[in-house]
Amino acid sequence: MRIEIICTGDEVLTGKIVNTNFTYISQKLEDHGLSVKWETTVGDDREDLLHAFQAAGGRADAVIVNGGLGPTVDDLSQEIAAQAAGVELELHQGWLARMKEMFARRGRTMSPNNVKQAMLPAGAELVDNPVGTACGFGVTIGKARFYFTPGVPRELRPMLEQEILPRLLQRGGEQAVIRLKRFHSFGLGESHVDSLLDGVATSAPGSNVKLGFRAHYPQLETKLTVRGRDEADVAAKLAPVEQEVRRRIGNFILAEDGDTLEGVVLSLLAERCASLAVAETLTGGQVAARLLALAGAETVFCRGTVASSGVKLAEALSITSVDAAGTVVDVATSVAHAARRQSGATHGLAVLVDMQADADGRGESGAISVAIATEDSLAVRSSLLAGGRDWVRSGAIEMALDCLRRLLLGLPVDEKIDFEKAM
C-alpha cells in the first residue's frame, strides 16, 4: 500500500516549529509494516492545499493529513477536503454535542468559532479524538482514502494508534499479527550494533524478523518486527531472535520496549529498598529530573544538589577536605560519600564534568567522573567525551544513570563505549 503524509501549517513550512509529528507518524507506520512513499509539507494556503490533496489522491492509496483542524481562520483542512472531494461541508451534530459536553465538563464556555470544528465534508467518516476538540475524519479524494488528524501531538498520537492504524491495516488486507520488539542501549553506535547483529534476523529458520535501528543520541533503539499467523506463531518466531540480540549486545541494553533507563533504575532501587542522593555539575540537575519525573520516585529519591563546579559542589555539601587542585575523580568520590551520608540515602551518585578545549582549539571535550558510594563500597567511572557541550552533557547524564543501573545489577561500570576518547 502506497501511503503519503501531508503536514500543514505555515509554522511547519517555515521551520518555526520542528515537524516532530511527521517523524512520529512515519515511525509508527514503519513499526507496523507500513511504508511511507511521499511526504508533503504545505502552508495555510487554499490553492496550495487543494493542489496537495489532489496530487496525493492521484498517486497514493492512503493519505494522512496532519494539522488544520482547529477553530481559527487559518485552519482549512475540512474546507479544502470537501472541495477536493467534490462535496459540501455539513455540521456533524454528534461531534458538536461532544464538544459542548467537553467544555461543560471542564467548567469552560465554548467559543462560537469552535463550531467550525464540527463542520465535516458530507459523508465523511468520523475518526474519534478521545482527548481534544479537533474532530478527525476520513474521506475519499481521487483514488486514495484520506485521514485527517489534529496537529497537537497529544491528540494526534492516540488517534493514530487507536483509530487510523487499524483502518490502514484493514485496507491493506493485512490479517497477520505484527509485533514490535524494542531494545534500548547506550554506548554502542549504530554501525557497531549493526555489525554485532549481522545475520541475527535470519538466525532462526522461518523467523521472518525485520531488523531496524533508530539512533537518538545518547541512546540507540534496536527494533525487531515480526509477522505471524497469530500470537503464538509470532512469539515462536521472535523468541530465539530476542535471545540472540540480548546475547550479542549484552550489558549495553538499558531497557526493553516501553521501559526507560530511569524507570529501570528506579525499579531496581525500590526492589532493594534502597534510596538515592544525587550531586551534579554541568548536567543542570537532569539526572535527578529524569528520576523525579516518574511516579513513586519520592519513596526512593532523597536529595539532589547542583552546582557549577566540583569545588562549588563540595562547598554546598560542607566538604572541607577537598583540595581545589584535586582531580575530578577525587572530588566526585568525596561528593558521592557526602551526598549519601548527609541525606541518609543508601546510595550517593555524583557526576562531575570538566569541559576543556581540544588541543587543536577547534572544539571541546568533557572529562566525566561518575562516583557511586554506599556505606561500604565505591564505584568510579571516568571518561572523556568529545563533541561539544550539549553532546557531553547528554552523554554524562546517560552515563551516570547507566553506571547506577550496572552497579545495582552487579555488572561492570567501566565498560568502554564507542563515544569516548582515550584519556
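Contact means heavy atoms within 4.5 Å. Helices (H or I, at least four residues) and strands (E, at least two) are DSSP runs, numbered from the N terminus. This is a predicted model, in which local features need pLDDT of at least 70 and side-chain atom pairs count only at pLDDT 80 or more, while totals for chains, interfaces and linings use all residues. Residues are numbered from 1 along each chain as its sequence is written, and side-chain values use heavy atoms, with hydrogens and water left out.

**Helix α3 against helix α4**

In α3, Arg46, Leu49, Leu50 and Phe53 meet Ser77, Glu79, Ile80, Ala81, Gln83 and Ala84 of α4. By class, this contact of α3 with α4 has six nonpolar, two polar and two charged residues. Here Ala, Val, Leu, Ile, Met, Phe, Trp, Tyr, Cys and Pro count as nonpolar, Asp, Glu, Lys and Arg as charged, and the others, Gly among them, as polar.

Two packed helices are described by the angle between their axes and the distance between the axes. Axes are lines fitted to C-alpha atoms, for helices over the stretch in contact, and angles run from 0 to 180 degrees between N-to-C directions. The axes of α3 (residues 46-59) and α4 (residues 77-85) come within 9 Å and cross at roughly 50°. That makes α3 oblique to α4; angles under 35 degrees count as roughly parallel, over 145 as roughly antiparallel, 65 to 115 as roughly perpendicular and the rest as oblique. The crossing of α3 and α4 is right-handed. A crossing is left-handed if the near helix is turned anticlockwise from the far one by less than a right angle, and right-handed if clockwise.

Buried residues of α4 include Ser77, Gln78, Ile80, Ala81, Ala82 and Ala84. Buried means under 20% relative accessible area, exposed over 50%, and partly exposed in between (1.4 Å probe, protein chains only). Glutamine 78 has 2% relative accessibility, so this residue counts as buried. Not counting residues up to four places away in sequence, glutamine 78 touches Gly68, Leu69, Leu89, Lys116, Gln117, Met119, Leu120, Pro121 and Phe137. Glycine 86 follows α4 and has a positive phi, near 75°.

**The six-stranded sheet**

Six strands form an open sheet with mixed pairing, in the order β2-β1-β3-β8-β7-β6. Two strands pair if DSSP finds at least two bridges between them. At the edges stand β2 (36-42) and β6 (125-127), each with a single partner strand, so one side of each is left without a neighbour in the sheet. Strand β1 (residues 3-8) and β2 run parallel and are joined by six bridges; isoleucine 3 stands opposite valine 36 in β2. Helix α2 (residues 20-31) lies across β1, β2 and β3 (62-66), at about 160° to β1. Helix α6 (residues 153-171) lies across β3, β6, β7 (136-141) and β8 (144-149), at about 170° to β8.

**The five-stranded sheet**

Another open sheet has five strands in the order β14-β13-β15-β16-β17, again with mixed pairing. Its edge strands are β14 (301-307) and β17 (378-386), each with a single partner strand, so one side of each has no neighbour in the sheet. The twist averages 10° from one strand to the next. Three of the pairings are listed below.

| Strands | Sense | Bridges | One facing pair |
|---|---|---|---|
| β13 and β14 | parallel | six | threonine 281 and alanine 307 |
| β13 and β15 | parallel | five | alanine 279 and alanine 350 |
| β15 and β16 | antiparallel | 10 | glutamine 356 and serine 365 |

β15 and β16 form a hairpin with six residues between them, and glycine 361 in the turn has a positive phi of about 75°. In β15, eight of 11 residues are buried. In β13, six of six residues are buried: Leu276, Val278 and Glu280 point one way, and Ala277, Ala279 and Thr281 the other.

**Helix α9 against helix α13**

The axes of α9 (residues 261-271) and α13 come within 10 Å and cross at roughly 35°, and this crossing is left-handed. Leu261, Val264, Val265, Leu268 and Leu269 of α9 meet Glu398, Leu401, Asp402, Leu404, Arg405, Leu408 and Leu409 of α13. By class, the contact of α9 with α13 has nine nonpolar, no polar and three charged residues.
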